[in-house]
Amino acid sequence: MKIECKDLDDTKKLAASFAKNLPDEGCFVSLYGDIGAGKTAFVRFVLKELGVKDKVTSPSFVILNEYLNYRIPIYHFDLYRLEKEGIKTITEELSDYSKRNILTFVEWADFGSDALSLDRLDIKILYPDVLEYGENGDPRVFEFIPCGSKNEVFVQKIIETYEAQK
């Protein structure tokens, strides 16, 4: 399922829909997209909606940021700087972060695809043809790919809530 966001305000609304509908047992979210596509921005907006007051930054250099004093423990990985051998060192950890009652975001998930939870939500962030948006737009297309029936319901709720805000 795809959602087109014409600017950052739309992306914030989409993130709010995600946060509002987040299952109590959490979710393992794999994020895909080019550099600058908006992976970290989306995570930042979701975490703000969940009440995270800490500064949310990309964990590019530290691999993992943790936000533990909230309704559910939140983990934010960035696999960009890990090479194949580096990915092998965190494979077990990624498995641990896919358990119930945890929200885990993994940026650059394509680098660790062998280690990802089978029960997850993949989000691909793409750039659409920007000519139709004019110079004030900052459009993105978010493609939600649920893996597991629980995540199918989650995605439907995200989309319904987002569409109701328009």
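1. How many helices and strands does the secondary structure of the protein chain come to? In this predicted model, the protein chain has four helices and seven strands, and, when read along the sequence, these elements follow the pattern β-α-β-α-β-β-α-β-β-β-α.

2. On the chain as a whole, buried residues make up 52% of the 166 residues. Among the contacts with a separation of 6 or more, 68% are accounted for by residues 24 or more positions apart. The accessible surface of the protein chain comes to about 8,900 Å², and carbon and sulfur atoms hold 48% of that area.

3. Helix 2, which spans residues 39–49, deserves a point of its own. Eight of its 11 residues are buried, so helix 2 is largely enclosed by the rest of the structure. The buried residues of helix 2 are Lys39, Thr40, Ala41, Phe42, Val43, Phe45, Val46 and Leu47, a list that holds a lysine and a threonine alongside alanine, phenylalanine, valine and leucine. After helix 2 comes glycine 51, whose phi is positive, near 95°.

4. Threonine 40 may be taken as one residue of helix 2 to look at in detail. Threonine 40 counts as buried because its relative accessibility is 14%, where the cut-off for buried is under 20%. Leaving aside residues up to four places away in sequence, threonine 40 touches Thr57, Ser58, His76 and Glu107.

5. Is aspartate 78 buried or exposed? Aspartate 78, which lies in strand 4 (residues 74–78), has a relative accessible area of 1% and is therefore buried. The side chain of aspartate 78 is joined to that of serine 58 by a polar contact of 3.1 Å. With residues up to four places away in sequence not counted, aspartate 78 touches Ser58, Pro59, Ser60, Ile63, Glu107 and Trp108. Ser58 and Glu107 are thus touched by aspartate 78 and also by threonine 40.

6. The largest pocket holds about 170 Å³ of space. It is lined by 14 residues, of which Ile35, Lys39, Ser60, Glu107 and Trp108 are the closest to its centre. By class, the lining has four nonpolar, five polar and five charged residues. Several names recur here: Ser60, Glu107 and Trp108 are in the list of residues touched by aspartate 78, while Lys39 is one of the buried residues of helix 2.

7. Two loop residues should be checked for their backbone angles. Most residues other than glycine have a negative phi. Isoleucine 63, in the loop between helix 2 (39–49) and strand 3 (64–67), has a positive phi near 75°. Isoleucine 63 is buried, with a relative accessible area of 18%, and it is among the residues that aspartate 78 touches.

8. Asparagine 101 likewise has a positive phi, near 65°, and its place is in the loop between helix 3 (84–96) and strand 5 (102–107). With a relative accessible area of 44%, asparagine 101 is partly exposed, whereas isoleucine 63 is buried.

Terms used. Residues are numbered from 1 along each chain as its sequence is written. This is a predicted model: local features need pLDDT of at least 70, side-chain atom pairs count only at pLDDT 80 or more; totals for chains, interfaces and linings use all residues. Side-chain values use heavy atoms; hydrogens and water are left out. Buried means under 20% relative accessible area, exposed over 50%, partly exposed in between (1.4 Å probe, protein chains only). A polar contact is a pair of N or O atoms within 3.5 Å; within protein, one must be able to donate a hydrogen and the other to accept it, and residues adjacent in sequence count only if both atoms are side-chain atoms. Contact means heavy atoms within 4.5 Å. On a 1 Å grid over the protein atoms alone, a cavity is a set of points where a 1.4 Å probe fits but cannot get out, and a pocket is an open set with protein on both sides within 12 Å along at least five of seven lines; lining residues have an atom within 4 Å of a point. Grid points are joined across faces, edges and corners, and a volume is the space filled by probe spheres set on the points. Ala, Val, Leu, Ile, Met, Phe, Trp, Tyr, Cys and Pro count as nonpolar, Asp, Glu, Lys and Arg as charged, and the others, Gly among them, as polar. Accessible areas come from the Shrake-Rupley method with a 1.4 Å probe; for residues, only the protein chains shown count as cover.
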